[in-house]
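Subject: Structure handover

Hello,

Here is the structure I said I would pass on. My notes on what turned up in it follow below.

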Amino acid sequence: MFYLKNTLFMTLTKNQKASLFSFLKSFVKKNYLNSTDKILQLFIEEENYYNNVGNPHFEWIIECFDDDIFLKELKILINENKKQLELKEKQKPYIEKQKEIAKQQRKKASELKMSKQTPTKKQLYYYEKLCKHHKIEMENLENKSRLDLKNMIGKILDEYSESAKKGFDSTL
């Protein structure tokens, strides 16, 4: 894309070029499934419509539609945007996989950090209240880490929610 910005639309100002590139990128994304010629045709129709309404995206572009060089450059830009979108689609599974791996690594790092810390007062209080509420015998909390307490609390909540679901299902 950088190369195209330096070679296409040499008659336009920097701001005109930037706004046209940006708008065309989103326009191509919207009409991605169409052919290049169809996208160009839709773009020209849309710009003519907005110009006739009196609210054009680009005031200067209508007179450029008569220039064959300008239209060729628009086709080149549309093709390049389509290629970028195709590449993005092909890379999507790999990116999703990388995100999942990063998520697992963050979770692992968090658990490692928690395993070295002492439990918070809130955790201790919450565990105590859960045990009293569910009439469960409290375990010895000496030498327990934050992670251990988190897992213990999670286990109690899971057991309670499963038993509540079973009790609810049996009444149906």
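A residue is called exposed when its relative accessible area is over 50%, buried when that area is under 20%, and partly exposed in between. Lys135 has a relative accessibility of 78%, so Lys135 counts as exposed. Please keep in mind throughout that this is a predicted model.

Loop between α5 and α6

Lys135 sits in the loop that joins α5 (121–133) to α6 (146–170). Its phi is positive, about 55°, although Lys135 is not a glycine. For context, most residues other than glycine have a negative phi. Glu142 belongs to the loop between α5 and α6 as well. With 58% relative accessibility against a cut-off of 50%, Glu142 is therefore exposed too. Glu142 is also remote from Val28: the two are 114 residues apart in sequence, and their C-alpha atoms are 62 Å apart in space.

Loop between α1 and α2

Phe9 is another non-glycine residue with a positive phi of about 55°. Phe9 is found in the loop between α1 and α2. Is Phe9 buried or exposed? Its relative accessible area is 0%, so Phe9 is buried.

Leu12 is placed in the loop between α1 (2–7) and α2. Leu12 has 11% relative accessibility, which is under the 20% limit, and therefore counts as buried. Leaving aside residues up to four places away in sequence, Leu12 touches Lys17, Leu20, Trp60 and Phe70. For one of these, Trp60, the separation from Leu12 is 48 residues in sequence, while the C-alpha to C-alpha distance is 9.5 Å.

Aromatic pairs

How many aromatic pairs does the structure hold? There are 10. A pair of aromatic rings is described by the distance of the centres and the angle of the planes. Two of the pairs share Phe43, and I give them in turn.

Phe27 and Phe43 pair edge-to-face, with 5.6 Å from centre to centre and 70° between the planes. This pair ties together distant parts of the chain, since Phe27 is in helix α2 (residues 14–30) and Phe43 is in helix α3, 16 residues apart. Both Phe27 and Phe43 are buried.

Phe43 also pairs edge-to-face with Phe65, where the centres are 6.1 Å apart and the planes stand at 90°. Here too the link is between distant parts of the chain: Phe43 is in helix α3 and Phe65 is in the loop between α3 and α4, 22 residues apart. Phe65 is buried, as is Phe43.

These residues belong to a wider set. Ring pairs join Phe9, Phe21, Phe23, Phe27, Phe43, Phe58, Trp60, Phe65 and Phe70 into a cluster. The cluster thus includes Phe9, the buried loop residue with 0% relative accessible area. It also includes Trp60 and Phe70, both of which are touched by Leu12.

Helices α2 and α3

The axes of α2 and α3 approach to within 11 Å and cross at roughly 120°. Why is α2 called oblique to α3? Angles of 65 to 115 degrees count as roughly perpendicular and those over 145 as roughly antiparallel, so the crossing falls between these classes and α2 is oblique to α3. The crossing of the two helices is right-handed. On the α2 side, the contact is made by Leu20, Phe23, Leu24, Phe27 and Val28. On the α3 side, Ile39, Leu42, Phe43, Glu46 and Glu47 take part. Phe27 and Phe43, the edge-to-face pair described above, are both among the contact residues.

Salt bridges

Searching the whole structure gives two salt bridges. In one, the side chains of Lys75 and Asp37 meet with 3.1 Å between N and O. This bridge connects distant parts of the chain, Lys75 in helix α4 (residues 68–115) and Asp37 in helix α3 (residues 36–53), 38 residues apart. Lys75 is partly exposed at 35% relative accessible area, and Asp37 is partly exposed at 47%.

The other salt bridge is between Glu139 and Lys144, whose closest N and O atoms are 3.9 Å apart. Glu139 is partly exposed, with 44% relative accessibility. Lys144 is partly exposed as well, at 26%.

Regards

Methods:
Residues numbered from 1 in each chain as written. Predicted model: local features only at pLDDT ≥ 70, side-chain atom pairs only at ≥ 80, totals over all residues. Heavy atoms only, no water. Salt bridge = Lys/Arg side-chain N within 4 Å of Asp/Glu carboxyl O. Helix = DSSP H or I, 4+ residues; strand = E, 2+ residues; numbered from the N terminus. Buried < 20%, exposed > 50% of the residue type's maximum accessible area, 1.4 Å probe, protein only. Phe/Tyr/Trp six-rings, centres within 6.5 Å; stacked < 30°, edge-to-face > 60°. Axes fitted to C-alpha atoms, helices over the stretch in contact; angles between N-to-C directions. Parallel < 35°, antiparallel > 145°, perpendicular 65-115°, else oblique. Left-handed = near helix turned anticlockwise from the far one by under 90°. Contact = heavy atoms within 4.5 Å.
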